[in-house]
Amino acid sequence: MSTHDADKIIGFDRSHGGIVRSETQAGIPLKAVYDCEDIAHMEYERDLADPGQYPYTRGIYPEMYRNKLWLKSFIVSYSTPEETNKAFKENIAAGQTGLRLLSDLPTQIGIEPDHPSAWNSMLCGGISSYALDTYERMLDGLPLENVDYELAHAGISSALLFYSFLVAIMEKRGLNIAKLRGSAINDPFRARIVYDCPDFPNEIARRICLDLIEFGAGNTPKWKSYAPNGVDPQQSGLDAIHEVAEVLGVATAVYSDLIKERGVNLDDIGATVFSMDAEADFFETIAKFRATRRMWAKIAKEKLGATTERAMSLRIGIRTSGLSLQTQKPLNNAARVTLQILSCVLGGVNSLDASSIDEAIGLPSKEARMFNLDAQHIVTHEANVPLVVDPLGGSYYVEWLTNEIEEGANKVLAEIEHRGGMWACLESGWLRGQIEQGRLKEQQEINKGKRLIVGMNAFQGEEGPINRAIKDTSYRVPSKKLRLETIAAIKRLRKTRDQQVVIGALKEVYRATKEARNVVRPVIEAAKTGATTGEVVGVIRMAYGYRYDPLGEVSMPSFINEVTRGEKGG
Amino acid sequence: MVNQEKKIKILLAQFPLESHSRGLITVAGMLRDAGMEVILMGNARSEQIIKVAIQESADVVGISSYCGGELALGDELLSIADKEGIKDHTIFVLGGIFPPNNTPRLKEIGFNAVFPPSATKEEIVNNIKSAIAAK
């Protein structure tokens, strides 16, 4: 063996592991150095301004994290309400400040546990919250005033039902619903382009979304009834520029409807929350948050008529990228998650739900979730990152990149406008096509080695006992017994509740839907009677002339005839 | 044995109710690239999957699973395939996110190949081809 070969083997070859690309993850070409020329056209007051000042590029509060740290939130959802309740209490004790609620996949899309298609995903990823009592057990002993709850579900029916459950519980406990805090995603675009939710067709989803915003503005002012979502479209294939355009486009489309059809203005709603993604590309992610705040401020003011500072200032809630996490050598995911947390804090986000290091293997273990919280505590208390607001503000590169993202996203928004707007782009499948193109481009880059992912297509290496231990902790599938118990429980509920009261309440849901009145109050009252999620979804669908079961697999329960009787013109 | 000259026909589906479709769509693209004819079915129950597999004379049935039903519903799928008489001449493969120690159990149930998230395009294509050759 020559000396040269030996050097290579023990890693002295400096070109090994060299850079393979010169553009960001979204494809923005980069120079090696940026200087004052690259941002010469910028004006401080117009384009940046101090934190807390329009256009909020540098953050929405003057002192940001000095006054209030970001909300530390993540989804904690196990198979049963009791397990989930216990975990909530433990996580709050460990420093979690927001409870992110999720249900199993069938419930999220309006399907009940005894539906023939429910078995596979029943109790996976969350409880089966088919009726109010499941929420009462899940939230037993937990405060409902002044704690942040987030509803992260896929379907619009979930936003409607689970918001109604929260309000119903507060009213049953004698609490003031005006003190309900938190947010619901309630995004009809995400429900279609990412999840293709069968619960509500677009016309119903579009209307219920507005009902929720309208009701929330009048009754639960601290609750954000709508948080346009960029996370899941990005995770499905959009790049950072398209994510920014998509989430701004969605917000503009829904708020334009709200102003026109309901007479509710942005000023009545206050600050808007976007749920966005923190991806692998560090500076691009930071620049993305800064650009989105600035773009939203301009849209809110110039397009949507906002006049208050609150209505122009965008809060950003984050879910860090689950897609970026790898099965191979999962210990490396700790580095990925930490970098993503750091990009969020440097980008001035307002809430953070970090993915877990074992997320590519299964649902997160408790210890992995604690790592997420501890990593945020380390960034805060050991690394001292949040002591100064927008610490990268003024960096030639970061300011230039922020401008590039704004310019790119504006081009996409102009194309959407040209194609008839967001709703037209949803109906025509153009938005879905964008996701598919993005996904294809990403896959090609990975295949060609233009995007290196450690452990996956580069630096594979060996897995040792630490990595194997992470893999061994993945979650257990809900047992057959637990699934059968859940099916028995919903059947028992249907038998033991006061059926006439349920019918009366569902009748009101049906009528309100048909008569184009706001359905939220009738749904809250129906929830209190023990009406189930599938029944509420079915009755709303029928008021629009659709079949009862979203999947068309089960027939309508016979008592639904009494709900709809006399409402079809005799 | 399936004629190697013929284009391999593969039916891809997920057990309901699955919302994680990115894996399935990505693999569909890889298999098309490799010259296979792909029928993308999406969410479907076992009996529906087998019905379409028979109608389309699929050489391969591929399942993508993320929600934990792979053992129970995989078993159901292969039982129905057996009853309908296609198990012996059809290849069944499954991929997705599931506990690593389910792989041997899925093979016991009757899946000819099982792909964890780390599986590469080459592994998937080669395993399908060699499973067909071995039948």
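**Reading chain B and one helix of chain A**

Modeller: In this predicted model, buried residues make up 53% of the 135 residues in chain B.

Colleague: Which elements does chain B hold, and in what order do they run from the N terminus?

Modeller: Chain B has five strands and five helices, and from the N terminus on they run β-α-β-α-β-α-β-α-β-α.

Colleague: What radius of gyration would a compact globule with 135 residues have, and what does chain B have?

Modeller: A compact globule with that number of residues would have a radius of gyration near 14 Å, and chain B, at 13 Å, agrees with this. Taken along the principal axes, the C-alpha atoms of chain B fill a box of roughly 35 × 35 × 25 Å.

Colleague: Turning to helix 10 of chain A, how should I read its span?

Modeller: The general idea is that an α-helix has 3.6 residues a turn, so residues three or four places apart point the same way. For the span, one reckons 1.5 Å a residue, so the 23 residues of helix 10 of chain A (residues 240-262) should span 33 Å, and the 32 Å between its end C-alpha atoms agrees.

Colleague: Is helix 10 of chain A mostly covered or mostly uncovered?

Modeller: Helix 10 of chain A is mostly covered, with 17 of its 23 residues buried.

Colleague: What is found at the start of helix 10, and what just after it?

Modeller: At the start of helix 10 of chain A, the backbone nitrogen of A:Ile241 has a side-chain oxygen of A:Asp239 within 3.2 Å, while just after the helix A:Gly263 takes a positive phi of about 65°.

Technical notes: Residues numbered from 1 in each chain as written. Chains lettered and ligands numbered in written order. Predicted model: local features only at pLDDT ≥ 70, side-chain atom pairs only at ≥ 80, totals over all residues. Heavy atoms only, no water. Helix = DSSP H or I, 4+ residues; strand = E, 2+ residues; numbered from the N terminus. Expected span 1.5 Å × (residues − 1). Buried < 20%, exposed > 50% of the residue type's maximum accessible area, 1.4 Å probe, protein only. Polar contact = N/O pair within 3.5 Å; in protein donor to acceptor, adjacent residues only side chain to side chain. Rg over C-alpha atoms; globule rule 2.2 N^0.38 Å.
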